[in-house]
Each structure stands twice: as C-alpha cells, then as structure tokens.
Amino acid sequence: WTKQGAIVVSCDYRGFGQSEGKEKHVLCEEQVRDIANLVAFVKALPLAAGKKIVLAGWGMGGGLVFQVAHICPNVDGLVSMNGLLDSPIVQRLLRGEKGFQSFLQRLAQERALESRGQSNTFKSEFEIYPL
C-alpha cells in the first residue's frame, strides 16, 4: 500500500501486546477513543494532506472501526474483517444465555471497581473476548 502512496499506521490495543496501558484491561469505549485519537493524529500529519483515511480492523477491531467512523466524520472508508459488530449477540453465542447474564453482572462489578480507581480482576483479555 505504501508503494501506491498510502500512509499505513498500525497499533495494538491499550493493554495488549507491547502497548501501553494496564495489561488485560479492555474497555471498548477506550479502544474507540484511542483509534479516534490516532485518526486525528494521522490527519494532522503534513504528509497526510489530501489523503483519505480508511480504517481496517479484524475481530474486535472489525467492530470498533464502525464505532470510530460514527464519531469521526473524516473517515473515508472501512474494512471490517470478521468483525464482532454486535457484542451482545457474539457474547450470547459464545457463553449461552446464563453465561451472558453472569458476564454482564461481572462487567458491572468491574466498571464499579474502575470508577473507584481499583484494578479489575480479569486475568486475561480472553475472559472478555473468549475467541
């Protein structure tokens, strides 16, 4: 893509891999905000002048790019690969109805902890997205 004049930027989610942030801490709202900030950063680069912004994502990222495009009017296109577009449907399919309801209760507890500045208790991001 770069040979054709595209600027390619790749990132990992906060708390994943070698990225910054608390390990195993996953909140989609933060991921959307981080991607939106990356779009603003790239758009402000002099070498990006006149270039279109196209977001691509796979899995969770495939769903997040739709949310980012909703809040970023300067996104010109989307590529969603195997996108998790409807988290409640995906979570129900993966967990079953009883497991899904239990998961929702745990998320509420985790958000309450976070609101008080306490760390969440998830041991792995795959407790949230059991792919």
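Biologist: In which hand does helix 1 pass helix 2?

Modeller: This is a predicted model. Helix 1 covers residues 28-44 and helix 2 covers residues 60-71. The crossing of helix 1 with helix 2 is right-handed.

Biologist: At what angle do helix 1 and helix 2 pack?

Modeller: Two packed helices are described by the angle between their axes and the distance between the axes. Here the axes of helix 1 and helix 2 lie 9 Å apart. The angle is about 60°.

Biologist: How many nonpolar, polar and charged residues does the contact of helix 1 with helix 2 have?

Modeller: Helix 1 brings Cys-28, Gln-31, Val-32, Ile-35, Ala-36 and Val-39. Helix 2 meets them with Met-60, Leu-64, Gln-67, Val-68 and Ile-71. By class, that gives nine nonpolar, two polar and no charged residues.

Biologist: Which residues touch the most other members of the largest nonpolar core?

Modeller: In soluble globular proteins, nonpolar side chains tend to be buried together. The largest nonpolar core here holds 21 residues. Those touching the most other members are Val-39, Leu-55 and Val-68.

Biologist: Which helix gives the most to this core?

Modeller: Helix 1, helix 2 and helix 3 each supply at least two of the core residues. The top share is five residues, and it comes from helix 1.

Biologist: Which residues is Val-68 in contact with, leaving aside neighbours within four places in sequence?

Modeller: Val-68 is one of the helix 2 residues that meet helix 1. Leaving aside neighbours within four places in sequence, its partners are Val-32, Ile-35, Ala-36, Val-39 and Leu-55.

Biologist: How many salt bridges does the count come to?

Modeller: A pair counts when a side-chain nitrogen of Lys or Arg is within 4 Å of a carboxyl oxygen of Asp or Glu. Glu-97 and Arg-92 qualify at 2.7 Å, N to O. Arg-111 and Glu-29 qualify at 3.2 Å, and Arg-106 and Glu-110 at 3.4 Å. The count comes to three.

Biologist: How many residues apart are Arg-111 and Glu-29?

Modeller: Their salt bridge links distant parts of the chain. Arg-111 sits in helix 3, Glu-29 in helix 1. Arg-111 is partly exposed at 40% relative accessibility, and Glu-29 is partly exposed at 44%. In sequence they are 82 residues apart.

Biologist: Is Glu-110 buried or exposed?

Modeller: Glu-110 lies in helix 3, residues 87-115. Its salt-bridge partner is Arg-106, four residues away, about one turn of the helix. Arg-106 is partly exposed because its relative accessibility is 25%. Glu-110 has a relative accessible area of 6%, under the 20% cut-off, so Glu-110 is buried.

Biologist: Which residues does Glu-110 touch, not counting those up to four places away in sequence?

Modeller: Arg-106 is four residues from Glu-110. That leaves Arg-106 out of this list, which does not count residues up to four places away. The residues touched are Asn-120, Thr-121 and Phe-122.

Biologist: In what order do the elements of the protein chain run?

Modeller: The chain has three helices and two strands. From the N terminus on, the order is α-β-α-β-α.

Biologist: What share of the protein chain do buried residues make up?

Modeller: The C-alpha atoms fill a box of roughly 50 × 30 × 25 Å along the principal axes. The chain has 131 residues. Buried residues make up 31%.

Definitions and conventions. Residues are numbered from 1 along each chain as its sequence is written. This is a predicted model: local features need pLDDT of at least 70, side-chain atom pairs count only at pLDDT 80 or more; totals for chains, interfaces and linings use all residues. Side-chain values use heavy atoms; hydrogens and water are left out. Contact means heavy atoms within 4.5 Å. A nonpolar core is a set of buried Ala, Val, Leu, Ile, Met, Phe, Trp, Tyr and Cys residues joined through side-chain atoms within 4.5 Å. Buried means under 20% relative accessible area, exposed over 50%, partly exposed in between (1.4 Å probe, protein chains only). Axes are lines fitted to C-alpha atoms, for helices over the stretch in contact, and angles run from 0 to 180 degrees between N-to-C directions. A crossing is left-handed if the near helix is turned anticlockwise from the far one by less than a right angle, and right-handed if clockwise. Ala, Val, Leu, Ile, Met, Phe, Trp, Tyr, Cys and Pro count as nonpolar, Asp, Glu, Lys and Arg as charged, and the others, Gly among them, as polar.
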